[in-house]
Amino acid sequence: MRISPLKDTLKSLGASFEERYGVEVVSRIYDKEKEYHFVRDTAGITDFSHVQKFRVPEETGLDFLDTLLAGNVARIRFGRVLHTFLSDEAGMILADCYVANNDEEFIVLCESITDDAKVREIFTKDASAGVTDITDDHVVIGVDGFKAWSVIKDLFGADILGLPYLSIETYGFDGTDVKLFRAGKTSEFGYQLLAPVSIAEKLFAALCDGAKKVDGGVCSVSIHSDLRLEGRFFNIFGEGAKVKDPLVLGLQYMIDFDKESFCGRDAILARRDAGLKNKIIGISAEKGIDLETGMSIYNGDKEVGKVQSVCFSYTLDATLGLALLDIDVAYSGLSFNLKSAGGPVVNTISMPPIIPKSLSVKLDEI
Amino acid sequence: MGENIQQVIDKRSAVIKKFKEELIRRLNLPYTPDDLHEDVSLLGSGLGLDSLDALEIVLCIENCFGIKIPDQNTSILRSINTIVDYVLQEQAKKG
C-alpha cells in the first residue's frame, strides 16, 4: 500500500487512516463538524497525495493522452486545466482526472477507483509517449474554503487572486517550483499544490500556519466526500464507485463526443444512442430520518431507485444524498418513500442545494 | 404513478426542455438536451461557462419565459435545476 510522505506529520496531529484502492488516505483528524466548518467558513488543508501524478511531454505524449481520456486534451489552452475522466473499454469510469497544460508538457492528477498500480501502469505503458510517473516523489496539498484564497495569497502574493477556476501557475517556495492548480470540488475557493517531497513538510507547515491565521485547520480526505455531495461535485469515491457509468452520473460535460477515439468511446456512444434508463438525482430527508446508502426508494408500491450516497449538511441541518432513479421519475421537486410504500418521506431536490459563501466574494475586487 | 407526481413532472420537464434547447442554440454547445444533466454546474466547473455566457443565460431565461433575473443574483444560475426552480416559482406567482 502506498502511503503519503506527510504521514508522520498527519499522525502527530492525531489523524486516522484508511485504505482506498491501494493508497492510504486520512479518514479523520478532528470531528466531522469541525472539519466541515473549516472549509465552509474558513480554510481547510488536506493531504491529497493519494492522487496519481504524471508529467506528459506535449511533443511525444499529446496523442497518447488524447486517445486515453474522454475530454479533448488537444484543445486545452496554455495555463488551463481540463476536468475529465479515464474509463475502461466498457466505458465505465476508472479515474477522475485533472489535465493541466503547463507549457510544453501536461500534468495529470488522478483520483482512481481501481488499484493504484493499475492506473500507473495504464499511464506509463506506452514508452514512446514519454510519460513520467511523479506520484512517489511529489505531494498534492489542497487548500479549500471560503478564505482559502487568503492562505494562498499570503504564500504566493496577490497575483493568485487573478487565477481563473481550472488554471495552473508556477510559484516559488523555498527555492523550489510549486505548481498551483486553481481547482477543487467543494464549491468554495479551492487550490491544489503539487510540490516535490523535498519541500513537502515545510510547505504543509506554512499552509497550516496560514490556515490558523483565519481560524482554519487540517481536514481529512473523508470530509471531502460530504463537501462534494453538498456542492454537487462528482465524487468518484462515492456515487462514482457505485454507478460507474459516466452518462448515468451526468458527466457528459467531461466528454468530447466528436473525438474519433478514446478509451471506452464505442461503449459510451452505444449507451448514449440507446438512451438512459436511469439517472442520478439529489435527495433530501429531514434530520432524524434514517437515510442510508443502498436503501430502496418507492413511488407508491413501485420501487423506482436506490440511494447511492449520503451526507449530513450542517448548513441545511438536513440529510442529503444522491439516488439512482428510473428515468421517468428522475426530476427534482417530487416526494417518494424510503424502504417501502409507506416508509419515511424522501424528497428529490435541485442541486446544489446550498449557496456557498465563496459566491459572495469577488476576488478581482479585493 | 400518482396523478400529482405526473403533473409536477410534466410541468417541470416542459420548462427544462425549452430552456435546454435554447441554451444549446444560443451558446452553440456541442451537446444534445439529453446530454445536459439538470444538476450540472453552469459557471466555473461543469460546463465551464464564463461571465459573458452568464449574460446569455439571463437573456435566454427572459426570452423563453418572460422572467427577469434580479441583478447580482448569480446564485440562481448555479445549475439548470436551480434556474428551473426559479422559473416555476415566478410562473406560479404570476398565476
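**Exercise 1. Work out how domain 1 and domain 2 of chain A meet, and which elements supply the domain 1 side.**

*Solution.* Start with the count: 26 residues of domain 1 of chain A are in contact with 23 residues of domain 2 of chain A, where contact means C-beta atoms, placed from the backbone, within 7 Å. Keep in mind that this is a predicted model, where local features need pLDDT of at least 70, side-chain atom pairs count only at pLDDT 80 or more, and totals for chains, interfaces and linings use all residues. Residues are numbered from 1 along each chain as its sequence is written, while chains are lettered from A and ligands numbered from 1 in the order in which they are written.

Next, the elements. Those giving two or more residues to the domain 1 side are helix H2 (32–41), helix H3 (58–68), strand E5 (81–87), E6 and helix H7 (223–231) of chain A. Helices (H or I, at least four residues) and strands (E, at least two) are DSSP runs, numbered from the N terminus. E5(A) makes the largest share of that side, with 5 residues.

Then the chemistry: the domain 1 side splits into 10 nonpolar, 8 polar and 8 charged residues. Here Ala, Val, Leu, Ile, Met, Phe, Trp, Tyr, Cys and Pro count as nonpolar, Asp, Glu, Lys and Arg as charged, and the others, Gly among them, as polar.

Finally, the bounds. Domain 1 is 7–226 and domain 2 is 236–349, as set by an automatic or database domain assignment. Their centres, over C-alpha atoms, are 27 Å apart.

**Exercise 2. Find the largest nonpolar core and see what feeds it.**

*Solution.* The term first: a nonpolar core is a set of buried Ala, Val, Leu, Ile, Met, Phe, Trp, Tyr and Cys residues joined through C-beta atoms within 7 Å. Buried means 20 or more other C-beta atoms within 10 Å of the residue's own, with C-beta atoms placed from the backbone.

The largest such core holds 131 residues, and Leu69(A), Cys97(A) and Val99(A) have the most contacts inside it. Strand E6 (residues 93–102) of chain A gives the largest share, 7 residues. Both domains of chain A take part, each with at least three residues.

Zoom in on Val99(A): leaving out residues up to four places away in sequence, its partners include Leu65(A), Leu69(A), Phe106(A) and Val108(A).

**Exercise 3. Describe the side of chain A that touches chain B.**

*Solution.* Count first: 22 residues of chain A are in contact with 25 residues of chain B. The chain A side divides into 11 nonpolar, 9 polar and 2 charged residues. For the scores, the model has ipTM 0.93 and pTM 0.96.

Technical notes
Contact = placed C-beta atoms within 7 Å. Buried ≥ 20, exposed ≤ 12 C-beta atoms within 10 Å, placed from the backbone.
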